[in-house]
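I open this notebook to record, entry by entry, what I looked up in one structure. I begin with a single residue and then turn to the aromatic rings.

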Amino acid sequence: MISVVIITRNRRDELRKTILSCLEQEAVCEFVIVDNNSDDGTRESVESLAAEHSFELNYLFMEENLGVAGARNVGFEHSSGEIVYFIDDDAWIDDRPDSFRRIEELMSSRPDIAIVSTEIFNVQDNAYQYGIFPRGVPPRTKGDVLYFIGCSHFIRRSPFAGARLYPHRLFFEQEERYASFRAWSLGCRVWYVNSPRVIHAPSTFTRIPERSRSLNNYLNSFIIKKLLCPGCLLPVVWLMFLARMLRFAGLDIGAWKTCISLYRDRYRSADRRPMPLKTAVELVRRFGISPVL
């Protein structure tokens, strides 16, 4: 059976729609809601919905906003299913009711698949969201991807047993790469399927300005690569990060100071789990140097 984990913060109405769409799916054993300190009546709304539809609910209210990475760690730790499904609180499932059941069957028959990334359509951008496919493989093709998209994905519990999915202080952006690279390091696969189909309508609530999001993307991507790449490749990781930041920030001293401050807060050497060099080389061969390093 599948545990559904949803991270939320002050998106009461959107969350209700997300939960109702998941309720239509077979094979759901529980809902784990990790509330990043909402103050809009989210808890009361969800508990009322649980009573109305009689579903198993584990509601976890955080005394502070843990961000996406920290809250997903909490949700994963407090869920019980061998397969854990994460969906954003501003997205919903638009597919047949046996979609979860078919994912469960896929992952049961393919123990090498640790993570399944699903079809996601972003209505704001009028575009599909997906990870990096192998070079030469058209996008949205069933099979391997370098990393999943956090809006909608399934994670098998056993490969990550006893460990956090993410460095707890990443807060948000790019955390998916960490879990994906860890899966590849463990000899598992990250797999893409076109069902269930998920509609993502990015909420205007609690989202930060685009420039701040971009800075978080560059920084967290660098931190994750520094934590997981083999030591001999770290000079390349550093050089590529500095080149990307120069293109992004130029001589904006404020942006560089913010980046350095966030790096000091988020990077922890205890989170370093370097992948085997052979794995890194194979990922570069299949997906290209820029996404991996």
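Entry one, a serine. I looked up Ser3 and found that Ser3 counts as buried because its relative accessibility is 0%, where buried means under 20% relative accessible area, exposed means over 50% and partly exposed lies in between, with a 1.4 Å probe and protein chains only. I note that this is a predicted model, in which local features need pLDDT of at least 70 and side-chain atom pairs count only at pLDDT 80 or more, while totals for chains, interfaces and linings use all residues. Residues are numbered from 1 along each chain as its sequence is written, and side-chain values use heavy atoms, with hydrogens and water left out.

I then placed Ser3 in strand S1, which covers residues 2-8; helices (H or I, at least four residues) and strands (E, at least two) are DSSP runs numbered from the N terminus. Leaving out residues up to four places away in sequence, I listed what Ser3 touches, including Cys29, Glu30, Ile83 and Tyr85, with contact meaning heavy atoms within 4.5 Å.

Which backbone nitrogen does the side chain of Ser3 reach at 2.8 Å? I wrote down that of Gly81, and I added that the backbone nitrogen of Ser80 lies 3.5 Å from a polar atom of the Ser3 side chain.

Entry two, the aromatic rings. I found 14 aromatic pairs in the structure; rings of Phe, Tyr and Trp (its six-membered ring) pair if their centres lie within 6.5 Å, and planes under 30 degrees apart count as stacked, over 60 as edge-to-face and the rest as tilted. One of them joins Phe222 and Trp238 edge-to-face, at 4.7 Å centre to centre and with 65 degrees between the planes. This pair links distant parts of the chain, since Phe222 belongs to helix H6 (residues 210-228) and Trp238 to helix H7 (residues 234-249), 16 residues apart.

Are these two residues buried or exposed? I noted Phe222 as buried, at a relative accessible area of 3%, and Trp238 as partly exposed, at 34%.

Phe222 also forms a stacked pair with Phe241, at 4.1 Å centre to centre and 15 degrees between the planes. Phe222 lies in helix H6 and Phe241 in helix H7, so this pair ties together parts that are 19 residues apart in sequence. Phe241 is buried, with a relative accessible area of 6%. I closed the entry with the aromatic cluster that Phe222, Trp238, Phe241, Tyr263 and Tyr267 form.

How values were computed. A polar contact is a pair of N or O atoms within 3.5 Å; within protein, one must be able to donate a hydrogen and the other to accept it, and residues adjacent in sequence count only if both atoms are side-chain atoms.
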